[in-house]
Amino acid sequence: MMKILMLGFEYLPVKVGGLAEAITSIAETLTKIGNEVWVFTPSHGHIEGEKIFETNIVIYGGKERIKVYERAQNGVRVFAFSSNLLNNKDVYGPGWEGMLGKAVQFGKASVGLLNYLIEKEGKPDILHFHDWHTVFAAALIKKYFQLPATFTIHRLNKSKIPAHYFHTAHLGELAPYPDIDPEYVGAYIADVVTTVSKSYLWEEWDFYRNFEGKATYVYNGIACDFWNEKLLENKDLPREERRRKILETLGLSDGIAFMFIGRFDKGQKGVDTLLKAVEDIAENNPTEFSKMRFLIIGKGDPELEKWAHALGSRYPENIKVITEMLKREFTRELYGSVDFVIVPSYFEPFGLVQMEAMCLGAIPIGSAVGGIKDTIISLDEDEEKATGLLVPPRDPNALAGAILKMSQLREKDPELLSKMRKNGKRRSKEDFTWENACKRYIKAYRNDIDKAVEFLR
């Protein structure tokens, strides 16, 4: 058994994106397989449990009072740090300076709490910190307690922080330049550096090559206990009937159903690629398009939202655009009903959408990047084991061709699609489990893990 100290800027129920789900799943699974896990996290206004510790930290020439609340959550000991700033509900704020202030306060307070816990209960065996917001805390813990450390980068942010924040955090020795890359600092102080898929590691090798000898990957898992057909409202109905019902609910007649769900942004998710592909099919393949139904779900960039709504208005019988957040339970119903899920990202460290889709029998059509490439077995590469279809990123013509190909397959070879659905369910439930991920993290903690080697590519 190991005693593991985990640092995360998000932890359920505090959630902004997929990071909270990942850190919570890792911590809870490590506990289930026999380890003791402590999680340090800012409260962000979520105060729960018993106040166990108070201290002052010296900062900006004055003092800040920090309180720490401990709660037990599914076997994990969660320590939430509270102050006027740390209680602000804007997780990555308020504003850029507010977020950096939170990160510095969290770092200094973490040292105080760990001093207190070590005196009572002894030292953790390993420090595992996630993403750059925890780097001040990790560097201070490494400085004062010399714990072996694993740093997980869920997605490279490539930010720069003014050096004075490191001096304020009592880490001036790590800030020799006016602007500092906190991800570089985190990887520099860590003993092992992991990211969430093998392909993403190599795609970002310009960064990870600086840490060759300690850089590796650990795939994320997927919580198929939630993304599970047994929990669907109409689980006893055939998939075709579920599809017909849910399309009807959304004001569409039955047809071959494709879904996109994700952020509308210009930098990652490829919404523009999808919209161009749909336009291409509508204009150049009207007969095939008439059989298709597109659910385009998400919110974000106003220009992309406007474009999507305009496309939906032009083809109201074929396209339904939803620019609002959906409950997870309704999203699960969608995954369990549509035929295909489109994941057209420019890049994707791991990606949850294709995994959630496969759990529920929707066939993903995704960009051949990062975790999408690593988790989908493409039809054109291995028909027997296929779970979906991969296409080049940023290529609307290729995506349109893939959509047409899968649409025609549904009519010509439904048995093949049925096999792909079964393959996808099996792959998501057996190969990409959080237990498998955590067994590999244990190997990383022990530095008993394979590494990325440039001359062996």
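**Figure 1. Contacts of K451 in the segment after α17 of this predicted model.** Leaving aside neighbours within four places in sequence, K451 is in contact with G213, K214, A215 and T216. The C-alpha atom of K451 lies 7.8 Å from that of E212, although K451 and E212 are 239 residues apart along the chain. With a relative accessible area of 24%, K451 is partly exposed, since the buried class is reserved for residues under 20%.

**Figure 2. Helix α17 and the elements that cover its buried residues.** Helix α17 runs through residues 434-445, and its twelve residues reach 16 Å from the first C-alpha to the last, close to the 16 Å expected at 1.5 Å a residue. The buried residues of this helix are W434, A437, C438, R440, Y441, I442, A444 and Y445. What covers these buried residues includes the strands β1 (3-7), β6 (126-130), β7 (149-153), β10 (192-195) and β11 (215-217), together with helix α1 (18-32). An α-helix has 3.6 residues a turn, so residues three or four places apart point the same way.

**Figure 3. Two residues other than glycine with positive phi, D131 and N447.** N447, which follows α17, has a phi near 55°, and its relative accessibility of 40% places it among the partly exposed residues. D131 is found in the loop between β6 and α3 (135-145), where its phi is near 60°. At 10% relative accessibility, D131 counts as buried, because the limit for that class is under 20%.

**Figure 4. Cis peptide bonds that lead into P13 and P94.** The peptide bond from L12 to P13 is cis, with omega near 15°, and P13 belongs to the loop between β1 and α1. A cis peptide bond also joins G93 and P94, with omega about 10°. P94 is placed in the loop between β5 (76-82) and α2 (95-121).

**Figure 5. The crossing of helices α9 and α11.** The axes of α9 (residues 271-284) and α11 (residues 302-314) come within 10 Å and cross at roughly 20°. That angle makes α9 roughly parallel to α11, because angles under 35 degrees count as roughly parallel. The crossing of α9 and α11 is left-handed. On the α9 side, the residues that take part are V271, D272, L275, K276, V278, E279 and E283, and these meet L304, W307, A308, L311 and R314 in α11. The residues of this contact divide into seven nonpolar and five charged, with no polar residue; V271 and L275 of α9 and W307 of α11 are among the participants, as are the residues D272 and K276 of α9 and R314 of α11.

**Figure 6. Helix α15 and its buried residues.** Helix α15 comprises the 17 residues 396-412, which should span 24 Å at 1.5 Å a residue, and the separation of 24 Å between its end C-alpha atoms agrees with that expectation. Buried in α15 are P396, L399, A400, A402, I403, L404, M406, S407 and L409.

Definitions and conventions
Residues numbered from 1 in each chain as written. Predicted model: local features only at pLDDT ≥ 70, side-chain atom pairs only at ≥ 80, totals over all residues. Heavy atoms only, no water. Axes fitted to C-alpha atoms, helices over the stretch in contact; angles between N-to-C directions. Helix = DSSP H or I, 4+ residues; strand = E, 2+ residues; numbered from the N terminus. Parallel < 35°, antiparallel > 145°, perpendicular 65-115°, else oblique. Left-handed = near helix turned anticlockwise from the far one by under 90°. Contact = heavy atoms within 4.5 Å. Nonpolar A, V, L, I, M, F, W, Y, C, P; charged D, E, K, R; others polar. Expected span 1.5 Å × (residues − 1). Buried < 20%, exposed > 50% of the residue type's maximum accessible area, 1.4 Å probe, protein only.
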